[in-house]
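Here is a short briefing for a first look at a structure. Keep the sequence and the 3D view at hand while you read.

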Amino acid sequence: MTDPTNAAPRPEDAGGTSVPPGASASAGDRDAFARVRTEVAKAVVGQQAAVTGLLVALLTGGHVLLEGVPGVAKTLLVRSLAGSLSLDMKRVQFTPDLMPGDVTGSVVYDAKSAAFVFRHGPVFTNVLLADEINRTPPKTQASLLEAMEERQVSADGETLPLPDPFLVAATQNPIEYEGTYTLPEAQLDRFLLKLVLDLPDRDTEFEVLRRHSAGFDPRALAAAGIRPVLDAAGVLRARDAVRRVSAGADVLAYIVDLARATRQSPSVRLGVSPRGATALLAAAKAYAWLGGYDAITPDHVQAMAPAAWRHRLQLQPEAELEGVSTDGILRSVLQQVQVPL
């Protein structure tokens, strides 16, 4: 069984029936996603699980919330991913004085045409890095709700579509609360995955220092040799291939049983919703496709469950006081629910 404590383990760790060589028309696109990992590794040491999670989100049209203490390469990871893609990327530093129009755009008066026109905001991009999203008030946070769910922005009576693919990668610091605004449940539910970036082990931290000692500059990714290896057409082709990954009735029933088990836990005030179950199904399909599988297995479900569900559970107040974590509850659920053979 894949270790369910990993946010998004490597595809080669999952079990299942592999697609025979040459049987998949998307083999070249899958190889391109593998090359993305190689490009990201030129700048980011470790964090393979987070890279997998970002690729899963890209394949499903979902969004990712990256959580970790300062200095674990959250921003660098997203910038490196964008550098390996032939996609447009914009970064927004969320601050307490940021306004909704600073994200989505606003109507301004154009003196040349003597008319009011809509000036597009940074959300009109393929990859939006929402840095420290919990540092801006709820009013500005909510400006992303329509964009994340509907892939569009409504302004001045018009609906403007966003580019496809569209990925929001938001970062937040879990230990600092002064000057921050907790994301509401409705916004958390818009994220397909919540990935936790932990502090590196000794060997990884040594490699980070070795690279910096050799002259690596995280502000100059071009010097690191990162080059685009995947374009929008490749992402959309791969997304179609992911939709064709099958799921047997026994695996679907397993996802339902896991979701229902979270709702029955005495430590949980609000368990996983049906939308959360569909999110896990989509993530498991993408995870299986990345590993070269044509059908998802319980291993794929178990691998993606923590990342897909950790932000969808609301704990009872007394459970929080006792130090119970959502990851701990999910580990318990994965151990207790019977796995289909």
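The notes below go from the open sheet to the hairpins, the helix contacts and the aromatic rings. The model is predicted. It contains an open sheet of five strands with parallel pairing. Helices H2 and H3 pack on that sheet. Helix H11 packs with H2, and the axis of H9 comes within 9 Å of that of H11.

**The open sheet**

- The strand order is E3-E6-E9-E1-E10.
- Strand E3 (89-93) and strand E10 (193-196) are the edge strands, and each pairs on one side only.
- On average, neighbouring strands of this sheet are turned by 20 degrees against each other, direction ignored.
- Strand E6 (residues 127-131) and strand E9 (residues 167-172) run parallel and are joined by four bridges.
- To find this pairing in the view, start at Leu128, whose bridge partner in E9 is Val168.
- Strands of a sheet pair through backbone hydrogen bonds, either parallel or antiparallel.

**Helices on the sheet**

- H2 touches strand E1 (64-67), E9 and E10 as it packs on the sheet.
- The direction of H2 makes about 165 degrees with that of E10.
- Helix H3 (residues 74-83) also packs on the sheet, where H3 touches E1, E3, E6 and E9.
- The direction of H3 makes about 170 degrees with that of E6.

**Two hairpins**

- Strand E4 (residues 105-110) and strand E5 (residues 115-120) run antiparallel, with six bridges between them.
- Val107 has Phe118 in E5 as its bridge partner.
- Four residues lie between E4 and E5 in this hairpin. In the turn, Ala114 has a positive phi of about 55 degrees.
- Strand E7 (residues 152-155) and strand E8 (residues 158-161) also run antiparallel, joined by four bridges.
- Opposite Ser154 stands Thr159 in E8.
- The hairpin of E7 and E8 has two residues between the strands. Asp156 takes a positive phi near 55 degrees there.

**Helix contacts with H11**

- Helix H2 (residues 48-60) packs with helix H11 (residues 274-290) at an angle of about 110 degrees, and their axes are 9 Å apart. The range of 65 to 115 degrees counts as roughly perpendicular, so H2 is roughly perpendicular to H11.
- The crossing of H2 past H11 is right-handed.
- On the H2 side, the contact includes Thr52, Leu55 and Val56. On the H11 side, Ala282, Ala283 and Tyr287 are among the residues met.
- The contact of H2 with H11 has nine nonpolar residues, two polar and no charged.
- Helix H9 (residues 232-243) crosses H11 at roughly 110 degrees, with the axes coming within 9 Å. H9 is therefore roughly perpendicular to H11.
- Ala238, Ala241, Val242 and Arg243 of H9 make this contact with Lys285, Ala286 and Trp289 of H11.
- By class, the contact of H9 with H11 has five nonpolar residues, no polar and two charged.

**Aromatic rings**

- The whole structure holds two aromatic pairs.
- In one of them, the rings of Phe33 and Trp289 have centres 5.7 Å apart and planes at 85 degrees, so this pair is edge-to-face.
- Phe33 is in helix H1 (residues 27-41) and Trp289 is in helix H11, so the pair links distant parts of the chain, 256 residues apart.
- Trp289 also takes part in the contact of H11 with H2 and in that with H9.

Note on methods:
Residues numbered from 1 in each chain as written. Predicted model: local features only at pLDDT ≥ 70, side-chain atom pairs only at ≥ 80, totals over all residues. Heavy atoms only, no water. Axes fitted to C-alpha atoms, helices over the stretch in contact; angles between N-to-C directions. Parallel < 35°, antiparallel > 145°, perpendicular 65-115°, else oblique. Left-handed = near helix turned anticlockwise from the far one by under 90°. Contact = heavy atoms within 4.5 Å. Nonpolar A, V, L, I, M, F, W, Y, C, P; charged D, E, K, R; others polar. Pairing = 2+ DSSP bridges. Phe/Tyr/Trp six-rings, centres within 6.5 Å; stacked < 30°, edge-to-face > 60°.
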